[in-house]
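Dear colleague,

Please find the structure for your review below. My notes on what was found in it follow.

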Amino acid sequence: EESFLHQVPFVNFLKVRFSWGANGNQAINRYQSLSTIEPKDNYDYLFDGNTAYGIAATAMGNPDLKWESTYATNYGVDFELFHSRVSGSINYYNSNTRNLLVQRNIPNLNGFSSVVSNLGAVNNRGLEIELTTINVDNGSIKWQTGVNFARNKNKIVHLYGVRDANGKEEDDISNQWFIGKSLGAYYNYKPTGIWQKGDEIPTGFRAGDVKLKDVNGDGAITADQDREILGYNKPDFTFGFNTTVQYKGFSLYAQVTGSVGGVRNNNDLLDPPVNFTYRMRAIYENWWTPDNPSRTLPSLDYQDAYHIYFLQSTTWVRIQDISLSYTFPKAVIDRLKMQRFQLYLSAKNPFLFTRWGGWDPETTGSGRSQYPTMRSLILGVNLSL
């Protein structure tokens, strides 16, 4: 309604938004800041010849915990163009979270393996775009599409304030948190192939073992010198697309979603040698044997002394929905004395395109703790009297 837009006919609606705010977040369960004790049968003990009922501490408390606080700035634009045939929104945000509440791994000599702690500061920034278009609308045919895109980047600004001799703040390698880097980093030895018969195999390795990158070139594989950031478990961006075509009583709808970038450790490829359940499930995998010198997967009895990662891309594109329906015309519905009569056929999650070698790139966990996304084919009738 501003005067300077009156002479711009293709703009039907335009709104510019800006906001700033701060939020506090408790982010943990009630009483999780306190040490907890529990009774169990295996805590019982002998005292003066009798069995005494025992309890033990099962979680380490942290009386210094603070709430998370997030300070966020948001910029946005909403618009409708060309007689509202094109509409959408663009949003950009930048937020800084201080005292982030996380489960921090600690040395077992403390009696516990982790404790809830405040992580110094993390920055998040991202872009979100939504766009809807009416491509065709001539009375008999209507074709509409929708697109969404989201990109988020985060980085650790600082951790605990502990600095080295050069004044640089130290990373937390045990939790794989690095100053200036994203959360979700994979920090480990880099596999570069499989040792083969005839190679000059260093001490501690054998043919069929995973070959590791010697970062500093000293001929030895050590935790201090030869580990590096191999990737991140966060995608570069996610997207979605949907389209609807309507012709008379027919309607065809399709939806596609996807995620691009990011890697994840495929634990099943390195299931411990004492349990070949998941290694042996892949009789078609290219495992190394003396007669099959694979350069991608180790021998089935590989001991994995260095606890390496088999990182695989979690990029995926899924056709999430394809639906075809037919709504009977009003004359037929009136004759049948109904208010609505529709037939439909719908396929849910019929196709997935990915190089991820596990069950499903959208699921987490490993082995029996994860399940692939269900596919279904539905034929139905929608009617009301």
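In which strand does L252 lie? L252 belongs to strand β15. Please bear in mind that this is a predicted model. L252 counts as partly exposed because its relative accessibility is 41%, and partly exposed stands for values between 20% and 50%.

L252 is also one of the residues of a nonpolar patch on the surface, together with I141, W143, V245, Y247, F250, I322, L324, F351 and F353. The accessible area of these residues together is about 890 Å². Two or more residues of the patch come from each of the elements β9 (141-158), β14 (237-247), β15 (250-260), β18 (316-327) and β19 (340-354).

Turning to the interior, the largest nonpolar core has 16 residues, of which V210, L212, I308 and F310 touch the most other members. Leaving aside residues up to four places away in sequence, F310 touches V210, R264, N265, N266, L269, L270, T296, L297 and P298. There is also a second, separate core of seven residues, with L100, L119, I156 and W177 among them.

Strand β10 (residues 185-188) deserves a separate note. In a regular strand the side chains alternate between the two faces of the sheet. In β10, A185 and Y187 lie on one side and Y186 and N188 on the other, and all four are buried, so that both faces of the strand are covered. Strand β10 runs antiparallel to strand β13 (residues 228-232), and four bridges join the two. Within β13, E228 is the bridge partner of N188.

Yours sincerely

Note on methods: Residues numbered from 1 in each chain as written. Predicted model: local features only at pLDDT ≥ 70, side-chain atom pairs only at ≥ 80, totals over all residues. Heavy atoms only, no water. Core = buried A, V, L, I, M, F, W, Y, C linked by side-chain atoms within 4.5 Å. Buried < 20%, exposed > 50% of the residue type's maximum accessible area, 1.4 Å probe, protein only. Contact = heavy atoms within 4.5 Å. Pairing = 2+ DSSP bridges. Patch = residues over 30% accessible without salt bridge, like charges linked within 9 Å, V, L, I, M, F, W, Y side chains within 5 Å. Areas by Shrake-Rupley, 256 points an atom, 1.4 Å probe, with all protein chains shown as cover. Salt bridge = Lys/Arg side-chain N within 4 Å of Asp/Glu carboxyl O.
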